[in-house]
Structure formats: structure tokens, C-alpha cells
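Hi there,

Here is the structure I promised to pass on to you. Have a look at it first, and then read on for what turned up.

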Amino acid sequence: MESMALEPSLYTVKAIFILDSDGNRLLSKYYDTELYPSMKEQKNFERNVFNKTSKTDSEIAFLEGLTIVYKSSIDIFFYVVGSAQENELMLMAVLNCLFDSL
């Protein structure tokens, strides 16, 4: 059986977004334009992520074939999205940098 080797890439982050306590978008940046090309698809994805993560205490989620790391602070939720094969520690480093800078 032949194993599939992934092409090395510097594009580890697919998206970053910040939501308020109601799940409304405060800020978002999608680096992979093919992931969710329309605003409607982006907001639907963000709503699904918020519904899955808003009531949990973990820091990582897998949804729609993507790895999502997140943190919350009082009433703001910070999310960093990468592919399913992405290293969670690398995504968490990006999230910590964003979280600490704000």
C-alpha cells in the first residue's frame, strides 16, 4: 500500500476569527480562499464552531475535516483553524501569540 506524503507548506493557518459571547463575528481572516469562498459559508462555519465550542473547557476541536484551537477570555472567543493534518502545537502557538497581543 502506497502512503500519501503531504507536500510541505508554510500555510499552516487556514483562518483566524474572533467571536463575541453570542457567536457574532468581531474579526475574521480566511487565508485559504477556497475553504469557504462566500461570506454566508464563512458565517455558517463560524456559527457551527461556536455552537460546538462555547460550552466546553477543552482547547481543541475537529470539525468538518479541520483542526480548530481556541481560547476564551470573559466574553470573547479566539479561534485559529488549520487542516486536519496540521500540528496542534503550531496552531496553539499562533493562538497564544494572538491572545497575548490583545
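Of the contacts in the protein with a separation of 6 or more, 42% are between residues 24 or more positions apart. Please keep in mind that this is a predicted model.

Now for the overall build. The protein has 2 helices and 5 strands, and along the sequence they come in the pattern β-β-α-β-β-β-α. The C-alpha trace spans about 50 × 30 × 25 Å along its principal axes. A compact globule of 102 residues would have a radius of gyration near 13 Å, and the protein's value of 14 Å agrees with that.

What about the surface? About 6,900 Å² of the protein is exposed, and carbon and sulfur atoms supply 54% of that area. Of the 102 residues, 35% count as buried. The protein carries 9 positive and 15 negative charges, and the mean positions of the two groups are 8 Å apart.

A good residue to click on is Phe78, which sits in strand β5 (residues 76-83). Is Phe78 buried or exposed? Its relative accessible area is 6%, and because buried means under 20%, Phe78 is buried. Beyond its neighbours within four places in sequence, Phe78 is in contact with several residues, among them Phe17, Ile18, Val69, Tyr70, Leu95, Leu98, Phe99 and Leu102. By contrast, try Pro37: this residue is 41 residues from Phe78 along the chain, and their C-alpha atoms are separated by 21 Å.

Next, the salt bridges. How many does the structure hold? There are 2 salt bridges.

One of them joins Asp32 and Lys14, with the closest N and O atoms 3.3 Å apart. Asp32 lies in the loop between β2 (25-30) and α1 (39-53), while Lys14 is in the segment before β1 (15-20), so this pair ties together parts that are 18 residues apart in sequence. Asp32 counts as partly exposed, at 21% relative accessibility.

In another salt bridge, the side chains of Glu46 and Arg25 meet at 2.9 Å, N to O. Here, too, distant parts of the chain are linked: Glu46 is in helix α1 and Arg25 in strand β2, 21 residues apart. The two partners sit in unlike surroundings, as Glu46 counts as buried at 2% relative accessibility, whereas Arg25 is partly exposed at 24%.

Enjoy exploring, and write back with any questions!

Best wishes

Methods:
Residues numbered from 1 in each chain as written. Predicted model: local features only at pLDDT ≥ 70, side-chain atom pairs only at ≥ 80, totals over all residues. Heavy atoms only, no water. Helix = DSSP H or I, 4+ residues; strand = E, 2+ residues; numbered from the N terminus. Rg over C-alpha atoms; globule rule 2.2 N^0.38 Å. Buried < 20%, exposed > 50% of the residue type's maximum accessible area, 1.4 Å probe, protein only. Contact = heavy atoms within 4.5 Å. Areas by Shrake-Rupley, 256 points an atom, 1.4 Å probe, with all protein chains shown as cover. Lys, Arg positive; Asp, Glu negative; His and termini not counted. Charge placed at Lys NZ, Arg CZ, Asp CG, Glu CD. Salt bridge = Lys/Arg side-chain N within 4 Å of Asp/Glu carboxyl O.
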